[in-house]
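Trainee: I would like a close look at a single part of this model. Please take one chain, work through it, and then set it beside its partner.

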Amino acid sequence: MAVENPVTAPSGDQTRIHNIGYRTYDGPRLGRSYATRSLYSQSLRGAYGLGRSVKSKVLPMLLFVVMCVPAAIMVAVAVATKANDLPVDYTRYAIIMQAVISLYVASQAPQSVSRDLRFKTVPLYFSRPIETADYVRAKYAALASAMFILTAAPLIVLYVGALLAKLDFADQTKGFGQGLVSVALLSLLFAGIGLVIAAVTPRRGFGIAAVIAVLTISYGAVSTVQAIADAQGSSGAIPWIGLFSPVTLIDGLQSAFLGASSAFPGAVGPSSGEGVVYVLAVLGLIAACYGLLMRRYKKVGL
Amino acid sequence: MYDPTVARLTYRALLGRRRALILGALPLLLIVISVIVRALVGADDQTASDLLGGLALATMVPIIGVIAGTGAIGPEIDDGSVVYLLSKPLKRPTIIFTKLIVAIAVTMVFSALPTLIAGFILNGNGQQIAVAYTVAALVSSIAYAALFLLLGTVSRHAVVFGLVYALVWEALFGSLVAGARTLSVQQWSLAVAHKVAGGDLVTSDVGLPTATVLLVVVTVLATWYAGQKLRSLTLAGEE
């Protein structure tokens, strides 16, 4: 038998909001630029697995070591044999190690953006004072910086080694400077392409495969067609074919303006006139990647 | 051993939405390049062999194998939805076997078929080159799918490891160290292709008996071990 308790209806004059003592925040508000800087530094650290689990440190650190070890070996050989020059040009190094660079950008670009999409944390970022442009800029700058660290570190190893081996200072410094410009452009280009592809898919694994496919298949296709054009004696077409893959773009650009010897078949690099097209293509691609990212994040997750 | 429902779900996961478009872009590129090369060069056996060997078999088949092999099981383990599949009254090896069949089928359709078409475009199957490379692509599809399906059950970074194997081991070490070529799916399948073509255009570093034995052993072992891994699968949090 249920006992019906008489329900006392709360009368209007008894309700009130209790002040239970929460205090309002009256400290400094750090604002938009601080949030952007934090996002940048967190993404940059994340690209090398710092501040993440041990397992996710393994791959980026391993790739970093793989990038630097051949440079150290080259320096050791140059010192031991008392050579007059390093076995490899500064500008050529990144082209030789392109597989490692591609793997790095393919593994870290999805890590940087895909998980935000998959766990739907992007709206949380935009509930902070940052804007779409800040998010895109911070992520792009972070991945490009990480790539620059990866590609410039072996050049520093080569340069320091060359100076220790008492090679010609002016010559080496010039080559080192040209190498740095080339890898800076390469970092911007690869980071842009990687981020655009990774930002489309929330699946990390699929993003990795897509980035690798774009980078290696385009290089494979372009160099195959170039080799055939070379064998057919139509070497005038080689530089124009080179416009269609990121690696050959950088290769052509640096052989036109940065004193590099081209890795194209027949070693025919683009002339200065064609080099201008290369520069325009590289800058246009970087701008296009930035524009596409902005467009993607205008409405993502909202 | 084969469960139609699991197969249907796996097909949907692999080819659903825009993924089929991206998977289809690679074969399309191969065919476009073949058309360009045919227009530039004309029918030439050596060129056809170089293009099919260098682009189709060495790059395209492994990448499609990685996408299909790891994509068949990796995302499910990654987002934890595999528990709903594992809680059904199905044997774990059955799940693996079904997913393997699907991965093999997808890899074959998206790599072997375009190889055949490209071969016919390039030199109209002169000296059996198109057929030889298609057979190689078919054979390596099976081994790659089994290998990368295993990787998908073993590691969360299966795609990266698969690509490291396909690009760094087979392409880079394979061209530098002769010994590495003995342990490469690509060379094993080339040995089979060599048998089909018969000429000197398609060559392999591995003899046919060794290659066949290794192919079968790798496929069977990888599938068996993937089943074992799935039996004792533990779901961990993100990283």
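Mentor: What follows goes through chain B, then its contact with chain A, then chain A. Keep in mind throughout that this is a predicted model.

Start with the make-up of chain B. It has ten helices and zero strands, so the pattern read along the sequence is simply α-α-α-α-α-α-α-α-α-α. The C-alpha atoms of chain B fill a box of roughly 55 × 40 × 30 Å along the principal axes. The radius of gyration of chain B is 18 Å, and a compact globule of 239 residues would have a value near 18 Å, so the two agree. Of those 239 residues, 49% count as buried. The contacts reach far along the chain: of those in chain B with a separation of 6 or more, 80% are between residues 24 or more positions apart.

The record adds a layer to this. An unreviewed UniProt entry gives "transmembrane region" for residues 20-41, 53-74, 95-122, 128-151, 158-180 and 206-226 of chain B. Two of these spans can be compared with the model. Residues 95-122 of chain B are 100% helix and 0% strand, with end C-alpha atoms 40 Å apart. Residues 128-151 of chain B are 96% helix and 0% strand, and there the end C-alpha atoms lie 34 Å apart.

Now take one residue, B:F97, which is found in helix α5 (residues 92-123) of chain B. Is B:F97 buried or exposed? B:F97 is buried, because 20 other C-beta atoms lie within 10 Å and 20 or more is the cut-off for that class. Setting aside neighbours within four places in sequence, B:F97 is in contact with B:M1, B:Y2 and B:T223. B:G69 is another reference point: B:F97 and B:G69 are 28 residues apart in sequence and 12 Å apart in space, C-alpha to C-alpha.

Next, a pair of helices within chain B. Two packed helices are described by the angle between their axes and the distance between the axes. For helix α6 (residues 129-154) of chain B and helix α9 (residues 185-197) of chain B, the axes come within 8 Å and cross at roughly 145°. The crossing of α6(B) past α9(B) is right-handed. On the α6(B) side, the residues that meet α9(B) include B:I129, B:V135, B:A136, B:V139 and B:Y144. On the α9(B) side, those that meet α6(B) include B:V185, B:L190, B:V192 and B:V196. By class, this contact of α6(B) with α9(B) has 15 nonpolar, three polar and no charged residues.

Chain B also touches chain A. The contact takes 30 residues from chain B and 24 residues from chain A. On the side of chain B that touches chain A, α2 (19-41), α3 (45-79) and α7 (158-176) of chain B each supply at least two residues. α3(B) gives the most to that side, with twelve residues. By class, the side of chain B that touches chain A has 22 nonpolar, seven polar and one charged residues.

That leads to chain A itself. Its secondary structure comes to eleven helices and zero strands. The radius of gyration of chain A is 26 Å, well over the 19 Å that the globule rule gives for 302 residues, so chain A is more spread out than a compact globule. The C-alpha atoms of chain A fill a box of roughly 100 × 45 × 40 Å along the principal axes. Of the 302 residues of chain A, 45% count as buried. Among contacts in chain A between residues at least 6 apart in sequence, 75% join residues at least 24 apart.

For chain A, the "transmembrane region" annotation in an unreviewed UniProt entry covers residues 58-81, 140-164, 176-200, 206-228 and 276-293. In the model, residues 140-164 of chain A are 100% helix and 0% strand, with end C-alpha atoms 36 Å apart. Residues 176-200 of chain A are also 100% helix and 0% strand, and their end C-alpha atoms lie 36 Å apart.

Two loop residues of chain A complete the tour. A:K120 is found in the loop between α4 (98-118) and α5 (122-126) of chain A. Phi of A:K120 is near 55°, a positive value in a residue other than glycine. A:K120 is exposed, with 11 other C-beta atoms within 10 Å. A:K166 is found in the loop between α6 (132-164) and α7 (169-200) of chain A. A:K166 has a positive phi of about 55° although it is not a glycine, and A:K166 is exposed, with 9 other C-beta atoms within 10 Å.

Key: Residues numbered from 1 in each chain as written. Chains lettered and ligands numbered in written order. Predicted model: local features only at pLDDT ≥ 70, side-chain atom pairs only at ≥ 80, totals over all residues. UniProt positions renumbered as here; feature names shortened; annotations may be inferred. Helix = DSSP H or I, 4+ residues; strand = E, 2+ residues; numbered from the N terminus. Axes fitted to C-alpha atoms, helices over the stretch in contact; angles between N-to-C directions. Left-handed = near helix turned anticlockwise from the far one by under 90°. Contact = placed C-beta atoms within 7 Å. Nonpolar A, V, L, I, M, F, W, Y, C, P; charged D, E, K, R; others polar. Buried ≥ 20, exposed ≤ 12 C-beta atoms within 10 Å, placed from the backbone. Rg over C-alpha atoms; globule rule 2.2 N^0.38 Å.
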